[in-house]
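Here is a friendly walk through a protein model, meant to be read with the structure open beside you. Feel free to rotate the view as you go.

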Amino acid sequence: MVSAYAELEERMRGRLGGRECLHVPSCRFGLYLALRHWCRPGGRVLMSPVNDDVIFFVVLAAGLRPVQAPLDPRDGSIDTAAVPESLWSGLSAVLTTNLYGNPDPAPELRARCDARGIPLLEDAAHAIGSTVGGRPVGTWGEASVFSLSKHTGAKTGGFLAFDDPALRDELTGARDELLHPARTTAELAYLVRPYAEATVRGLRLVKAAHATLRLLGQQEREEIRMPLRAGELKQALAAAPGLAPFHSWVRVDMHDYRLGPGPGRLRRTGRLLARLDATLAAHRAGTERLLASEWGGLDTGQSLFRVPLLVEDRNAAAAALARRRIVTGYLYDPPLDTYAGELFTDLSPAPEPASWFARHALPVDPRRAGEVIETLRAAGVRPVRYGDRG
């Protein structure tokens, strides 16, 4: 097991210029590990309101208070200049999102954190191939977390990357203490999942495909956001920090998020990670094509995981794509402050740009760029820009 971890970690270390890398079963698990190590319970963490609700619950599980940041409506990145000085002074950490692979302004955030002596933590789940300021995303903070469920398609695994090698033993011990032991049934389910999905999708049994994913704990939300369950959440907060009280929220769409991997899972992950550069090249080509379309709102040379097209009617556009069996995933609407309310989070000082972006962003897979463009044009989907009516 150690040697299998070491092989994966060495590959990722090479991508990050020698930064220490610790294999974790999921990005959300790695983020919890980072938050517990670098932040004291009771602290306040600046984060993006256009983010997966699972990440919000991970922050709460770590015993921390989320603080929602103002965003740039053009790309959903943190708008550093719009954060009031009074807000900076009360923070314990900053957590980036790098939404869809488009980087948050890490150099500016790094400078702000250094001035206040607080850690910068990078969620690089969508950004394994992205750069900012001439460096890979994930090399600016005290720690960063990566997902192997995204670009590689491994549906499992990730890395906690950090700059100080002296922390390795301590973080390894903390990881191992939180891990659940590998289970034969979970390993078999993981290994047969790609074949089950391919079969039902090849037969165009869409409902069966979704049922299969739900059975495997990979697709649970009926709406974009999972139910908040405010009464239960208040009880969980009283028991924070800890993963156990928040398990029913943190596990959503990934029941194996803290499960130790078996050898078959690690071997498959290694094979997919070895193909990452080819995958990133395909994402980059599709990204360029989509951003050159009438719905492209970004100016980036990144290999985006999903390209957020800016459309007037997001739901109608998603429905048009669905009719072509093009799934629109990774929607984060409404923003977290609207979703959770001030009982559970500090509200953004400037919420409208985030609300606008969440309402109009249509994240699509760049590898299907041609089909997406053809479908949206045939459906008459109109582009939109911030400041337009609506």
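The report below covers a sheet and its helices, then the nonpolar cores, a helix pair and one proline.

**The sheet**

Please keep in mind that this is a predicted model. A good place to begin is the open sheet, which has seven strands in the order β1-β9-β8-β5-β4-β2-β3, with mixed pairing. At its edges are β1 (20–24) and β3, each of which pairs on one side only. On average, neighbouring strands of this sheet are turned by 20° against each other, direction ignored.

Strands of a sheet pair through backbone hydrogen bonds, and the pairing may be parallel or antiparallel. In this model, β1 and strand β9 (residues 158–162) pair in the antiparallel sense, over five bridges. If you look along β1, you will find His-23 standing opposite Phe-159 in β9.

Helices also lie across strands of the sheet, and the table lists two of them.

| Helix | Residues | Lies across | Angle |
|---|---|---|---|
| α2 | 27–38 | β1, β4 (93–96), β5 (120–123), β8 (143–147) and β9 | about 170° to β8 |
| α5 | 106–116 | β4 and β5 | about 150° to β5 |

**The nonpolar cores**

Which residues have the most contacts inside the largest nonpolar core? They are Leu-35, Leu-46, Phe-57, Val-94 and Leu-160, in a core of 97 residues. Val-94 is worth selecting in your viewer: leaving aside its neighbours within four places in sequence, its contacts are Leu-46, Trp-88, Leu-109, Cys-113, Ile-118, Pro-119, Leu-120 and Leu-121. Apart from the largest core lies another, of 19 residues, which includes Leu-291, Val-307, Ala-318 and Ala-369.

**A helix pair**

Helix α13 (residues 314–323) packs with helix α16 (residues 369–378) at an angle of about 120°, and their axes are 9 Å apart. That angle makes α13 oblique to α16. The crossing of α13 and α16 is right-handed. On the α13 side the contact is made by Ala-317, Ala-320 and Leu-321, and on the α16 side by Val-372, Thr-375 and Leu-376.

**A proline in a loop**

Finally, have a look at Pro-70, in the loop between β3 (65–68) and α4 (85–88). Is Pro-70 buried or exposed? Pro-70 counts as buried because its relative accessibility is 2%, and the cut-off for buried is under 20%. Not counting residues up to four places away in sequence, Pro-70 touches Ser-77, Ile-78, Asp-79, Ala-82, Val-83, Ser-348, Pro-349 and Ala-350. The C-alpha atoms of Pro-70 and Glu-352 are separated by 8.4 Å, although these residues are 282 residues apart along the chain.

Technical notes: Residues numbered from 1 in each chain as written. Predicted model: local features only at pLDDT ≥ 70, side-chain atom pairs only at ≥ 80, totals over all residues. Heavy atoms only, no water. Helix = DSSP H or I, 4+ residues; strand = E, 2+ residues; numbered from the N terminus. Buried < 20%, exposed > 50% of the residue type's maximum accessible area, 1.4 Å probe, protein only. Contact = heavy atoms within 4.5 Å. Pairing = 2+ DSSP bridges. Axes fitted to C-alpha atoms, helices over the stretch in contact; angles between N-to-C directions. Core = buried A, V, L, I, M, F, W, Y, C linked by side-chain atoms within 4.5 Å. Parallel < 35°, antiparallel > 145°, perpendicular 65-115°, else oblique. Left-handed = near helix turned anticlockwise from the far one by under 90°.
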